[in-house]
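This report is for a reader who has not met this structure before. It takes up a few places in the chain in turn.

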Amino acid sequence: MAVRPIVITGEPVLHQTARRVEAFDAELVDIVADMYETMDVAHGVGLAAPQIGVPLRLFVYEMGNDDRVPPRGVVVNPILTLGKISTDRPDPDDESEGCLSVPGENYPLKRAEHVRVQGFDVDGNPVEFEATGWFARCMQHEFDHLNGKLYTDRLDERQARKARKAITKNGWGVPGGSWMPGVDADPFGHDEDDLDEGGHDEHLV
């Protein structure tokens, strides 16, 4: 296992549709192992392959849930069926997301409270489950990465303006940006109070 650099918004792989995984082989196993390691060191609860520069349709997650789904897993070639998304304004206290590819920033966003997830595990076995609440949010956030979307692309106009200003201020939005978990300073400034027992930040999807 190895920690890999996480690419930042502006890197082309983040803004393109990822390819289907065709081979469930040793190379895929290695990619998934590196994704878990990178996610853990970065304190995230989800990581999609494009975020480490790999243009394939898979993501990993680490999140306790009330849906009787294993708290740690991988979904390859996922299909998501979304429930209804409220048209109410998002609550900045309870509905703010962060993204490892937009490091250090958080913005409120409405998501569906319920999703159905279908796909495969790393060995090619079928995976299917229902996700609710923040677990559903995590699934939607990671799935968006596979379709070339970041959560900042879904913000309302007010929040989108803030995100654009932050991206410009940080010099992002162009190819070549990345950061290295465990080497570079934690862009979210985590301390132990921010993390769950496994060392993850449930808001950092």
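What follows covers a strand and its partners, a turn, two residues in a loop, some backbone angles and a pocket.

The model is a predicted one.

**Strand β7 and its partners**

Strand β7 is made up of residues 114-120. One of its faces is covered and holds Val-115, Val-117 and Gly-119. The uncovered face holds His-114, Arg-116, Gln-118 and Phe-120. In a regular strand, side chains point to the two faces of the sheet in alternation.

Strand β7 is joined to two strands discussed here. Strand β4 (residues 72-82) runs antiparallel to β7, and 5 bridges join them. Within that pairing, Leu-82 has Val-115 of β7 as its bridge partner. Strand β8 (residues 126-132) also runs antiparallel to β7, with 7 bridges between the two. Here Val-117 is paired with Phe-129 of β8. Val-115 and Val-117, which appear in these two bridges, both belong to the covered face of β7.

**The turn between β7 and β8**

β7 and β8 form a hairpin, and 5 residues lie between them. In the turn, Gly-124 has a positive phi of about 90°. Asp-123 is placed in this loop between β7 and β8. Is Asp-123 buried or exposed? Asp-123 counts as exposed because its relative accessibility is 56%, and exposed means over 50%. Along the chain, Asp-123 and Ala-23 are 100 residues apart, while their C-alpha atoms are separated by 9.5 Å.

**Two residues between α2 and α3**

The loop between α2 (133-146) and α3 (157-169) contains Asp-156. Thr-152 is found in the loop between α2 and α3 as well. Thr-152 counts as buried, with a relative accessibility of 11%, whereas Asp-156 is partly exposed at 25% relative accessible area. Setting aside neighbours within four places in sequence, Thr-152 is in contact with Val-102, Tyr-107 and Ala-163. On the same terms, the contacts of Asp-156 are Arg-89 and Pro-90. The side chain of Asp-156 also reaches the backbone nitrogen of Gln-159, at 2.9 Å. Asp-156 and Pro-55 are 101 residues apart in sequence, and the C-alpha to C-alpha distance between them is 27 Å.

**Positive phi outside glycine**

A negative phi is what most residues other than glycine have. Two residues that are not glycine but have a positive phi are set out below.

| Residue | Phi | Place | Relative accessibility |
|---|---|---|---|
| Arg-68 | about 60° | loop between β3 (58-62) and β4 | 86%, exposed |
| Asn-77 | about 50° | strand β4 | 5%, buried |

Asn-77 thus lies in β4, the strand that 5 bridges join to β7. Arg-68 is in the loop between β3 and β4.

**The largest pocket**

Which residues line the largest pocket? The lining consists of Arg-4, Arg-19, Arg-20, Val-21, Glu-22, Ala-23, Asp-25, Glu-27, Leu-28, Ile-31 and Leu-56. The space in the largest pocket comes to about 190 Å³. By type, the lining residues divide into 6 charged and 5 nonpolar, with no polar ones. Ala-23 is part of this lining, and its C-alpha atom is the one separated by 9.5 Å from that of Asp-123.

Methods: Residues numbered from 1 in each chain as written. Predicted model: local features only at pLDDT ≥ 70, side-chain atom pairs only at ≥ 80, totals over all residues. Heavy atoms only, no water. 1 Å grid on protein atoms, 1.4 Å probe; cavity = no way out; pocket = protein on both sides within 12 Å on 5 of 7 lines; lining within 4 Å. Points joined across faces, edges and corners; volume = space filled by probe spheres on them. Nonpolar A, V, L, I, M, F, W, Y, C, P; charged D, E, K, R; others polar. Buried < 20%, exposed > 50% of the residue type's maximum accessible area, 1.4 Å probe, protein only. Helix = DSSP H or I, 4+ residues; strand = E, 2+ residues; numbered from the N terminus. Pairing = 2+ DSSP bridges. Contact = heavy atoms within 4.5 Å. Polar contact = N/O pair within 3.5 Å; in protein donor to acceptor, adjacent residues only side chain to side chain.
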